[in-house]
Structure formats: structure tokens, C-alpha cells
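Trainee: Could we take a close look at one part of this model, the place where the strands of a sheet meet? I'd like to go residue by residue first and then work outwards.

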Amino acid sequence: MDRFKCLEAFIKIVETGSISHAARALDLSKSTVSERLAQLEHLVGEPLIARSTRKVSSTAAGRRIYSEFRKTAAHMRTLEKAIGADTPVAEPLRIASTTDVGAVEVAQVLAEYCRENNGADISLSVGNDLVDPLDRGFDMAIHFRRIVHSKLKVEEIAVVECGLYAAPEYLKRAGHPTCPADLRAHACLGYMFQPSVHDWIPSKWEFTHSEKKETVDVALRARFNSGIAMRHFAVAGRGLAILPRVRVRSEIADGRLEHVLPNHAPPSLTLLAVYPRTYLGNPQIQKVLRFLRNRIRHSL
């Protein structure tokens, strides 16, 4: 828990008169401000805000804390702006990552980072949801998919080459496609559609052959929010899937998957780091980004 951010949210609620107004003033979602208030109240051990249908007001404890700490919060904000940091360095750096890389590569690299930086305090949350740092209270999110938000900074971490794969069992049953257009008659496996992802339509598959691009509309027989789960379906013979090459090496080696249309390359995946634009001058964020770029690109 970032105590300063929680205190700042509480003070802004008191000064603006509502959680919604405080969220707008802090450029955060209403849910994030509410969560920070709840964390501060849990820390104090009693309610700080009395809520009604029309307005919010401070409790006795809330008025005491506001009186004692509002000047301190203002001084902290001035100090952070002066040194170019948006969050106190003493607090853990909260990072969210997709399971596909977070459970292996990202975790390994962050462990190395902590070892080389005197036990730096980092919190890593791994899951399959597309995390918006502004909405979920994270300092950074690492995904293969892009979030559209004008207040977020997106930076490339690594590029991962992909291929089209299927199990021998499926190809024996459904036949081998000889060109991308043949995929219209096949069972295909793809990702779930998320409207917050930029330029990404799961059922439109693009291939490049001899520098010429071809796009084909496929029928997705199953949809996933995890490349790991999709790979398992492909190995089980449930259809064709576009997967990172690094993730199917063992399946190719032992014959559980075959590379389909090897002369037609699907687009590479780009591993992205997403963080609030207010963190552009944060030295801790930039140091972690440089470390991730240098280490992850060699493991993917």
C-alpha cells in the first residue's frame, strides 16, 4: 500500500467534497480513489469519511487527520515534482504482467533486478487480464497487447517471432492448408476480443510471404485470454493457433505440434510496458525498464 497516495486521495476527497471530483482532480478512476480511501481507513482503523446520497463529509477522525497531514501532503507533492518522481521510492514498485511471460521471464528478470539493486522492493501480480495501471493502481503493466489511453506511456520491451502450429492429429483429420486462404475452412484458435486493445481483431489473421501481405478472416472455434491455454488446445488437436516460436520448441521437438505454412509468417508479438505518463521522470521506473529490455530480449 502506498500510504502517501492513500493520504493524498483522502485529502482531495475532503477538499473537493466528493470521490468523483477527487478522481478527476487526481486524474484517476473513481474506483482507484475509493480503494485508496478504504486502504487508509483500514490502516487508521476507523472511518474517515461519512457518506450520504448527496455528499461526503469528514468524521471526527477524518477531520483530525486532514488537519494534521494536509500540509505534509502538499510538501511531499512539491518535493516529488522537484526530483521528477511521482511516487515515494520507499514504497514497493507495483508491476502487473501477463501470465504468458510474467510467470517465467518477467519474474526471473525482476528477481535479478532486486538482487543487483540491494533488494529493491517490487510487487509482481501475474494474471491473464489486460491491466490498465491507472484503473488498477499499478505502477507498470507488461503485456503483449496495447491499451488505448492518452494518459499512458507505452514502451517496447522485446519482439517475439510467431508461427502457425497444429497437432499432427488435427492435420491428419482436417488436412494440411497450403495457403492462408485455406484457413477459412479450418478450426482456428484465437484470443478474446477486448475493445481497449488497439488495432487487434482476433479473427483477422495476417501473413507475409515474399514481402507480400495477405489477410484472411478465420472462424475461431475457441477463444482465450492466455497463450498458454491456447497452446494446450492446439496440442490436444483442437485447431490451428498462432503462437510464439519460443513457446513451442519442446512441442515441435517431440512431435506434438507441426509448423504449418512455414513460408507464411504471421506478425511478431511485441512485449510492451505500460505506465502512467506522470512517471516519465521517475528514475526507478526508467531503471527497471532498461533492465527489462536488456535481459528479456535475450530470453524470448
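Mentor: Start with Ile142, which sits opposite Ala273 in strand 14. On strand 5, Ile142 is also the bridge partner of Ser97. Before we go on, keep in mind that this is a predicted model: local features need pLDDT of at least 70, side-chain atom pairs count only at pLDDT 80 or more, and totals for chains, interfaces and linings use all residues. Residues are numbered from 1 along each chain as its sequence is written, and side-chain values use heavy atoms, with hydrogens and water left out.

Now widen the view to the strands (strands are DSSP E runs of at least two residues, helices H or I runs of at least four, numbered from the N terminus). Strand 5 (residues 140-143) runs parallel to strand 3 (residues 93-98), joined by three bridges. With strand 14, strand 5 pairs in the antiparallel sense, again over three bridges. To count as paired, two strands need at least two DSSP bridges between them. Moving across strand 14, you get to strand 6, and those two pair antiparallel over eight bridges. Glu156 gives you a landmark there, as it faces Leu272 in strand 14.

Put together, five strands make an open sheet, ordered 4-3-5-14-6, with mixed pairing. Strand 4 (122-127) and strand 6 (152-160) are the edge strands with a single partner each, so one side of each has no neighbour in the sheet. Ignoring direction, neighbouring strands here are turned by 20° against each other on average. As for strand 14, six of its eight residues are buried, so the rest of the structure largely encloses it. Buried here means under 20% relative accessible area, exposed over 50%, partly exposed in between (1.4 Å probe, protein chains only).

What packs on this sheet? Helix 5 (residues 99-116) lies across strands 3, 4, 5 and 14 (the last being 269-276), at about 170° to strand 4. Helix 10 (residues 283-296) packs on the sheet too, touching strand 3, strand 5, strand 6 and strand 14, and its direction makes about 15° with that of strand 6. Those angles run from 0 to 180 degrees between N-to-C directions of lines fitted to C-alpha atoms, for helices over the stretch in contact, and contact means heavy atoms within 4.5 Å.

For contrast, look at the other five-stranded open sheet, in the order 11-8-12-7-13 and also mixed. Strand 11 (220-224) and strand 13 (258-260) are its edges, each with a single partner strand, so one side of each is left without a neighbour in the sheet. Its neighbouring strands are turned by 45° on average, direction ignored. Strand 7 (residues 162-166) and strand 12 (residues 240-244) run antiparallel and are joined by four bridges, with Leu164 opposite Ile242.

Leu189 is a good residue to click on in this sheet: it belongs to strand 8 (residues 188-191) and counts as buried because its relative accessibility is 2%. Setting aside neighbours within four places in sequence, its contacts include Trp205, Leu220, Ala222, Phe224, Met230 and Phe233. Arg221 is 32 residues away in sequence from Leu189, yet the C-alpha atoms are 6.0 Å apart.

Another buried spot is Thr32, in helix 3 (residues 30-44), with 2% relative accessibility. Beyond residues up to four places away in sequence, Thr32 touches Leu134, Asp135, Arg136 and Gly137.

Stepping right back, the protein has 10 helices and 14 strands, and 48% of its 300 residues count as buried. Among contacts between residues at least 6 apart in sequence, 71% join residues at least 24 apart.

And how far does the predictor trust it? Mean pLDDT (its confidence in each residue, from 0 to 100) is 85, with 90% of residues at 70 or more. Confidence is highest in strand 13, with a mean of 98, and lowest in helix 4 (residues 60-83), at 74. Over residues 84-90 the pLDDT is below 50, though beyond near neighbours in sequence this stretch has 23 contacts in the model.

Definitions and conventions
pLDDT is the predictor's confidence in each residue, from 0 to 100.
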